[in-house]
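Here are some notes for a colleague opening this entry for the first time. Please keep the structure in view while going through the points.

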There are 4 protein chains.
Amino acid sequence: MMIVMKAEASEAEIAAVVRRVESVGCSAHVSQGDVLTVIGAIGDRDKVGGLGLEGAAGVDHVVPIQKPYKLASSQFRKGERSILEIGGRKIGGENFALIAGPCTVESVEQTMEVARTVSEAGVTMFRGGAYKPRTSPYSFQGLGQEGLRILQQAKDETGLPIVTEVMDVRDIEDAAEVADVIQIGARNMQNYTLLTEVGRSGCAALLKRGLSATLEELLMASEYILKEGNENVMLCERGIRTFETGYRFTLDLMAVPALKALTHLPVIIDPSHAAGRRDWVEPLSLAAAAVGADGIIVEVHNDPENAICDGPQQLASESFASYADRLERVAEIAGKAVSRV
Amino acid sequence: MMIVMKAEASEAEIAAVVRRVESVGCSAHVSQGDVLTVIGAIGDRDKVGGLGLEGAAGVDHVVPIQKPYKLASSQFRKGERSILEIGGRKIGGENFALIAGPCTVESVEQTMEVARTVSEAGVTMFRGGAYKPRTSPYSFQGLGQEGLRILQQAKDETGLPIVTEVMDVRDIEDAAEVADVIQIGARNMQNYTLLTEVGRSGCAALLKRGLSATLEELLMASEYILKEGNENVMLCERGIRTFETGYRFTLDLMAVPALKALTHLPVIIDPSHAAGRRDWVEPLSLAAAAVGADGIIVEVHNDPENAICDGPQQLASESFASYADRLERVAEIAGKAVSRV
Amino acid sequence: MMIVMKAEASEAEIAAVVRRVESVGCSAHVSQGDVLTVIGAIGDRDKVGGLGLEGAAGVDHVVPIQKPYKLASSQFRKGERSILEIGGRKIGGENFALIAGPCTVESVEQTMEVARTVSEAGVTMFRGGAYKPRTSPYSFQGLGQEGLRILQQAKDETGLPIVTEVMDVRDIEDAAEVADVIQIGARNMQNYTLLTEVGRSGCAALLKRGLSATLEELLMASEYILKEGNENVMLCERGIRTFETGYRFTLDLMAVPALKALTHLPVIIDPSHAAGRRDWVEPLSLAAAAVGADGIIVEVHNDPENAICDGPQQLASESFASYADRLERVAEIAGKAVSRV
Amino acid sequence: MMIVMKAEASEAEIAAVVRRVESVGCSAHVSQGDVLTVIGAIGDRDKVGGLGLEGAAGVDHVVPIQKPYKLASSQFRKGERSILEIGGRKIGGENFALIAGPCTVESVEQTMEVARTVSEAGVTMFRGGAYKPRTSPYSFQGLGQEGLRILQQAKDETGLPIVTEVMDVRDIEDAAEVADVIQIGARNMQNYTLLTEVGRSGCAALLKRGLSATLEELLMASEYILKEGNENVMLCERGIRTFETGYRFTLDLMAVPALKALTHLPVIIDPSHAAGRRDWVEPLSLAAAAVGADGIIVEVHNDPENAICDGPQQLASESFASYADRLERVAEIAGKAVSRV
């Protein structure tokens, strides 16, 4: 932490800050400039942060210098990237994860048909929602355990690892029997109870960035999972909230190079939710591959016009193979190959 | 819903949309303008929304006309405001709820001392955190059940109703034995599991607006509680996220008149978290009273310099009485009196 | 500036940064922590900033410590507040500026009628637009010079100082003959040519914060005026852009205490544009007075239903006197009295 | 326009709205639903908008149906894309404009060296700043007319068309003698005076999106240029302002498919300003090509470490050719070829 003193701060105020920094076992380096005095507090960031020096006499502001996350930081792996291994597929590094499937598990027929389509196109994993977070309590909330059983069937037939969302800590155990990856949705990114329990479950996690979460907060949320000893964490950017009303969310592709500078964890892009319309999903997917993402999680439906939810943004099964092909070509230019067994 | 067709939409495309609207039991009114054709879909918004017409041939865009929330809407109470009654105190209408207490329950001594101070100043309810949502897993997470016991002690001595936050559905039962109001934090505003279970608990709820939640989403979240038959819901604005880096959050006081136009539920302002510094809490509190809020939830500490968390933003006990006095004078001009037994 | 080095930065990289800092005449203080090395660059911020050290080898990031504005800073006046004197009225300190008038000068009759109403209610200054910035080139762009003549007539009759907006540097000379204060609109906040020329005109300026401008940028913009030797600058918050679609802009009342901590310049609130509807203007005005603003600039029309522009947000003349009365009562609690001759 | 009436609106209030719509020569279609009445106002959007019906008795809200821009709209060209021709180079359609050059014209040597580098790499146009908009009045403001002369020299030697920014209407004439394209910066996007005068100059324009401008506002701004009879307008996305502090701006690549749906004008991406660091410029450039942009405007410097401004974000000359090569390969997958004579 750097504590920047006010121009008019007295010697006594400076000395008092130094004393408080030292009182928690940190050391204080005083730099006296022409205009301002700056005190560098060297030691445990949390302890200095806990002092609440922002309100102390003579203090102008406090600037954090070190990152607050540890296990997620690039430094923790000394600059090496994490490569996860899930159901025999590698995620991260030069591997591009193509994760596809329906928004919602609606029926055996629909799920199996989409599963076969994406499996033939050579995807990395299969996604499908059994528990659906819905803005309205009056909307369809997912098939629940019945949905999990259908996902198991898809897994049995195609051999694809399964990604599915959980919202309630009481559902983790059931979900983890079927799922290879538990998805934590954007609205639950700071549901610390859920993060901790997913961490303890040992199941790999795909953690979506909250609608207005900074990258630092996303990494702090991942830290809740990592600190339980669960190293299989993927981060996912799915669109943030801005003033623009022309689309549902603004897909923040700058998060990819930025996260790569901050963390060793793989970064996945969800191009479906931000766009909200099918014809924008392919250009955004290609852009995600070009910007260096470690993968895509995309919604596909065998009959989007009659999908129970989010139909307009789901790719149609029949166009999926050619979409996947173009995506693979761009990923190659960015130095990656689609991950398969 | 109004379905706005593209200028170049064909007769067949228009007819197809009309057919789909009618297929879910709604009626379609076609308005043919000089440039555009607009189809009004009259009936259940959710059914028409489920059709996913945004992606249909010839459709330019779809404009929702009706509000998606029902129980929370002003219309549900025909324009009359809800007046809750909690522990003998009225909330809403001409009653101004002054809710005060420490950010975190740290010890018996600290809690009781603050409780006595705010009780003497005539507050409406006492607040204090036993379970603390923290950005960092390495920060103090609250005293938990021990904290609840201390709150019970404060309630026993002062007679003040208790407001405390819950994050984990598994803690609701314990909390509800002590608390008169369960607070749902901003980061859990769309934790639908938690909302539903708090709704079922029967305990009154104080629901904080998410950091980037629209007012419509806040009302939809309240709908999750209301639909369980729990009518005792207060909404709380506590600062939203913007591009400004000069403060932690931007307190959105426009939410007060705006929510009053949309809902019958009381609207409370939390001036402490946005500011993050003590000297801004009073001006923001006065502004909240002036803009017509139904109350304030504010952090007070007997020794802010040594508070375990958020010390810099907590008002000091010794200045609380005169603060409450000025607040009351402004509330009076806005037509309200502090609610007491 | 503090230059934070990467954990893995070498001794040579640290030495190179020190050399570059010293090469522009600044001194460098190196603080070696357990994890990170931080280099404090003491001296001219602009010179160090010009080095572009963010890109240098071994550098993690650069943290500015000093404020980039000078003349506008609180420190420049050693914590004393500026009190402007315009047409015999004091602005700032314990004086509350009530500035009122129509959005647009539409006709002699309309302008004179509103001028008489607000003059009788004892306002501080009269506002009215002759040049109107419009999002659409097809909208009414103002009466121009004819509008200025009408404003002169209002000034002659009421004796009130005039506030009017200029957008084109070529109109400053004409406007300054009539106006006591030239308003610079939010969309021109970073029109540096206009700022400089208004600075040179010697006419007082009311500078509106841009729709997504930080407070630091607002102060930097004011610096463009101040550096021309023009000290009569008022800052104005008029609503910022956020994700919320329930109102046109989000009025940021936190800007008032925040600006008071940063600058000696008076801070005015415009409650009309953010709300966009008349019934929200009064609560927002009262909140502005309560939060400590140095004044209000508000739109009033004698016949809002038939106003050429922004009718729905203009207060009606007949309700203005009682509005002004309530506003004055709240301002008093905040320690201010409406400024009059 | 659709005027949505309140649930409790009376017959008389509905009739009054119909009368007012008809009073400006538009027709009103009334749709009576179970809950709400909606009035469709068919005719000139501006006239109905001018009525200010948002404030009228019984009106809940007003929903615009038609786009407010005309000449810029896709419909104006019946879905065909504009292909500009500037200095013999085609912009738009299947042509990818690669525009490169230094942030600022610093000297003859620096400018000519960069011009030769990018010319050899086969760029479409050369960019360089003579007039620099700077947040601080104390920063270098550009070489002005001397800078224009240096740009002329670069044009003479390389034959490349020139793109340069103008901020002051009084500089347009000089700039237009050298420039093939006048750039209007983000902070001037709503400087209507400047837009109109650039429109009248007849010189092609590259219009940057404001930091918090919606796409609709960007198109409205372009309309100011187009309505003067100047059809050579390119739009440019350069990063918007969000809550994220990890980068200077958030590059909004969704604007590309979104603008393609709304307008026939070419869309260019500026990847340099948002990133603010060189190593992010290439991934963002590739993403821009992949998402379907019509071109890139990128900063290149022969000695970025010693650049007068924005050094850290400028690509180094020596790496430019290989960068351009990779960019071209991605553009090809998106169906475009770099535009050259």
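1. First, a term. Two residues are in contact when they have heavy atoms within 4.5 Å of each other. Note also that this is a predicted model.

2. Start in chain B, at Glu237(B). This residue sits in strand β12, which covers residues 233–237 of chain B. Leaving aside residues up to four places away in sequence, Glu237(B) touches Arg209(B), Thr250(B), Leu251(B), Asp252(B), Ala255(B), Ile268(B), Ile269(B) and Asp270(B).

3. Is Glu237(B) buried or exposed? Its relative accessible area is 2%. Buried means under 20%, so Glu237(B) counts as buried.

4. Look next at Asp252(B), one of the residues that Glu237(B) touches. A polar atom of the Glu237(B) side chain lies 2.9 Å from the backbone nitrogen of Asp252(B).

5. Move to chain A for the domain layout. Domain 1 runs over residues 2–64, and domain 2 takes in residues 84–338. Taken over C-alpha atoms, the centres of these two domains of chain A are 44 Å apart.

6. Now compare chains C and D. A turn of 180° with a shift of 0.0 Å along the axis lays chain C on chain D, with an RMSD of 0.0 Å. The two chains are therefore related by a two-fold axis. Within chain C, Ser212(C) has the C-alpha nearest the axis, at 2.9 Å.

7. Which surface do these copies use to meet? Of the interface residues of chain C, 100% are also interface residues in chain D. The copies therefore meet through the same surface.

Note on methods: Residues numbered from 1 in each chain as written. Chains lettered and ligands numbered in written order. Predicted model: local features only at pLDDT ≥ 70, side-chain atom pairs only at ≥ 80, totals over all residues. Heavy atoms only, no water. Helix = DSSP H or I, 4+ residues; strand = E, 2+ residues; numbered from the N terminus. Buried < 20%, exposed > 50% of the residue type's maximum accessible area, 1.4 Å probe, protein only. Polar contact = N/O pair within 3.5 Å; in protein donor to acceptor, adjacent residues only side chain to side chain. Domains from an automatic or database assignment. Least-squares fit on C-alpha atoms with pLDDT ≥ 70 in both.
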